[in-house]
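Biologist: Hey, got a minute to walk me through this one? I'm new to it.
Modeller: Sure, let's pull it up.

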Amino acid sequence: RIYPKGARMKSDNLQPQMFWNIGCQMVALNFQTLDPPMQINLGKFEFNNRSGYVLKPEFMTKKRAVFNPFLETTVEGVVAAELSVKIISGQFLSDKKCGVRVELEIYGIANDSVRRKHQTRTVMNSTNPTWNDEPFRFSKISIPDLAMMRFIVNDDAGKMIGQRIIPLESVQTGYRYISVRNEFNQAIGMASIFVFIEIKDYIPSEMADF
């Protein structure tokens, strides 16, 4: 079990993803602090009907399994993924007149995690913004079973309007409306973003022609 030190005076949270990556059974957080680590925790467990637990990936439960989440390794039985996400438009993102933009992060093992790299341009329309820019591409996600997407909707001042955490194992290729949530992981009225997601097995470039 992983939990904050009892003598700590602050209520900020540790990042649970790094402990899930090494197979920890339980990661305790301060529920009174609705920071990104708590949002990731709420998002991860939402996709199992909020039953309170999520099974470990099969490769973590095998006897004599060797896995180091801090190194990019080939794990027996795990196929890496290639991900592309195109942010097309948004719907009813805010009742304020402001610009909006969408940022996409990946949380997973060290080599799969991507932060502060992919974001749309700012559009001065919070009711029905349209981006339709080039897709965000993630050429190789080594362990898809441990990876999660985090969509963040910000206003033009950089303040977060809403967010959504989606485990990669719950994603399928196609057009999707993604409901935007607040810090409590509750839906914000009809706020959503419209995206096209393409996910497929990773093929090394030297083998792409075969």
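Modeller: Keep in mind that this is a predicted model. A good place to start is Arg164, whose side chain meets that of Glu46 in a salt bridge, 3.2 Å from N to O.
Biologist: Where do Arg164 and Glu46 lie?
Modeller: Arg164 sits in strand 6 and Glu46 in helix 2, so the salt bridge ties together parts that are 118 residues apart in sequence.
Biologist: Are Arg164 and Glu46 buried or exposed?
Modeller: Both Arg164 and Glu46 are buried.
Biologist: OK, and what does Glu46 form with Arg181?
Modeller: Another salt bridge, with the closest N and O atoms 2.9 Å apart. That pair links distant parts of the chain too, since Arg181 is in strand 7, 135 residues from Glu46. Arg181 is buried, like Glu46.
Biologist: How many salt bridges does the structure hold?
Modeller: Four. One of them joins the side chains of Arg121 and Asp133, at 3.1 Å from N to O. Arg121 and Asp133 both lie in the loop between strand 3 and strand 4, so this pair ties together parts twelve residues apart in sequence.
Biologist: Is Arg121 buried or exposed?
Modeller: Partly exposed, because its relative accessibility is 43%. Asp133 also counts as partly exposed, at 25%. Back to the earlier pairs: salt bridges with shared partners join Glu46, Arg164 and Arg181 into one network.
Biologist: Switching topic, which residues make the nonpolar surface patch?
Modeller: Met18, Ile22, Phe70 and Leu71, covering about 400 Å². Ile22 is in the loop between helix 1 and helix 2, and Ile22 is partly exposed at 47% relative accessible area.

How values were computed
Residues numbered from 1 in each chain as written. Predicted model: local features only at pLDDT ≥ 70, side-chain atom pairs only at ≥ 80, totals over all residues. Heavy atoms only, no water. Patch = residues over 30% accessible without salt bridge, like charges linked within 9 Å, V, L, I, M, F, W, Y side chains within 5 Å. Areas by Shrake-Rupley, 256 points an atom, 1.4 Å probe, with all protein chains shown as cover. Helix = DSSP H or I, 4+ residues; strand = E, 2+ residues; numbered from the N terminus. Buried < 20%, exposed > 50% of the residue type's maximum accessible area, 1.4 Å probe, protein only.
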